[in-house]
Amino acid sequence: MPSRANGPDKEPSATERARLLKIVCPPGSVCHLCRGARGPIIWGLRRWHSLGPSMDHVVPRSQGGTWDLWNLRPAHYGCNSGRRDRDIPAVPGVRSRRWGHRGG
Ligand SMILES: [Zn+2]
């Protein structure tokens with residue numbers, strides 16, 4: 001692997017990521033995607049458990065977001081992996097609407 005010197009969009013190593021995770025997302029953190037609707041973030045579960053800790057990028061990586069602390073928020077692993085670098089989807093169910101009988 002060619003290694004570049006500290007580029008702005010360098011991926012952190014696994015060790016560095018683990019360190020950031022402990023800072024951004026300590027046990028009991030509130031997930032900023034579901035805002036705690038699924039409960040606090042839990043450590044010590046099996047790996048990749050949907051309630052386990054994860055970091056979400058405020059500015060997505062695809063849009064130049066960095067691994068700086070200001071750009072990271074605590075999130076459940078499950079919430080984060082469902083987001084996919086896009087805006088949080090709108091609430092479903094308000095879309096199709098029948099007009100019924102109207103006017104007269
Ligand atoms: Zn969540």
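The paragraphs below walk through the predicted fold of this protein, from its overall layout to a few individual residues.

Residues are numbered from 1 along each chain, following the sequence as written. Because the model is predicted, local features are reported at pLDDT of at least 70 and side-chain atom pairs only at pLDDT 80 or more, whereas totals for chains, interfaces and linings use all residues. Here pLDDT is the predictor's confidence in each residue, on a scale from 0 to 100. The mean pLDDT of the protein is 80, and 70% of its residues reach 70 or more. Over residues 1-7 the pLDDT is below 50, and in the model this stretch has one contact beyond near neighbours in sequence. Residues 85-97 also have pLDDT below 50, with four contacts beyond near neighbours in sequence. Two residues are in contact if their C-beta atoms, placed from the backbone, lie within 7 Å.

Turning to the overall layout, the secondary structure consists of two helices and two strands, which follow the order α-β-β-α from the N terminus on. These elements are DSSP runs numbered from the N terminus, with helices being H or I runs of at least four residues and strands E runs of at least two. Among contacts with a separation of 6 or more, 57% join residues 24 or more positions apart. Of the 104 residues in the protein, 12% are buried. A residue is called buried if 20 or more other C-beta atoms lie within 10 Å of its own, exposed if there are 12 or fewer, and partly exposed in between, with C-beta atoms placed from the backbone.

The two strands make a good place to look next. Strands β1 and β2 pair in the antiparallel sense over five bridges; pairing requires that DSSP finds at least two bridges between two strands. One of these bridges links Met55 to Pro74 in β2. Strand β2, residues 72-76, is mostly covered, as four of its five residues are buried. On the other strand, Asp56 lies in β1, which spans residues 53-57. Asp56 is buried because 21 other C-beta atoms lie within 10 Å. Its C-alpha atom is 5.2 Å from that of Arg73, although Asp56 and Arg73 are 17 residues apart in sequence.

The largest nonpolar core has five residues in all: Cys25, Cys31, Ile41, Ala75 and Cys79. Such a core is a set of buried Ala, Val, Leu, Ile, Met, Phe, Trp, Tyr and Cys residues joined through C-beta atoms within 7 Å. In soluble globular proteins, nonpolar side chains tend to be buried together. Within this core, Cys25 is found in the loop between α1 and β1 and counts as buried because it has 25 C-beta neighbours inside 10 Å. Cys25 and Ile41 are 16 residues apart in sequence, with 7.9 Å between their C-alpha atoms. Not counting residues up to four places away in sequence, Cys25 touches Ile41, Pro53, Ser54, Met55 and Pro74. Another core member, Ala75, is in contact with Cys31, His32, Leu33, Ser54, Met55, Asp56 and Asn80, leaving aside its neighbours within four places in sequence.

Helix α1 contributes Leu20 to the picture. Leu20 is partly exposed because 16 other C-beta atoms lie within 10 Å. Beyond residues up to four places away in sequence, Leu20 touches Pro12, Met55, Trp67 and Leu72. The contact with Trp67 spans 47 residues in sequence, and the two C-alpha atoms are 8.7 Å apart.

Three further residues belong to the loop between α1 and β1 and round off the description. Pro40 lies in this loop and is partly exposed because it has 14 other C-beta atoms within 10 Å. Leaving aside neighbours within four places in sequence, Pro40 is in contact with Gly28, Ser29 and Val30, while its C-alpha atom is separated by 9.2 Å from that of Gly52, twelve residues away along the chain. Arg35, in the loop between α1 (14-24) and β1, has a phi near 55°, a positive value in a residue other than glycine. Arg35 counts as exposed because it has 9 C-beta neighbours inside 10 Å. Trp48, found in the loop between α1 and β1, has a positive phi near 65°, again in a residue other than glycine. With 10 other C-beta atoms within 10 Å, Trp48 is therefore exposed.
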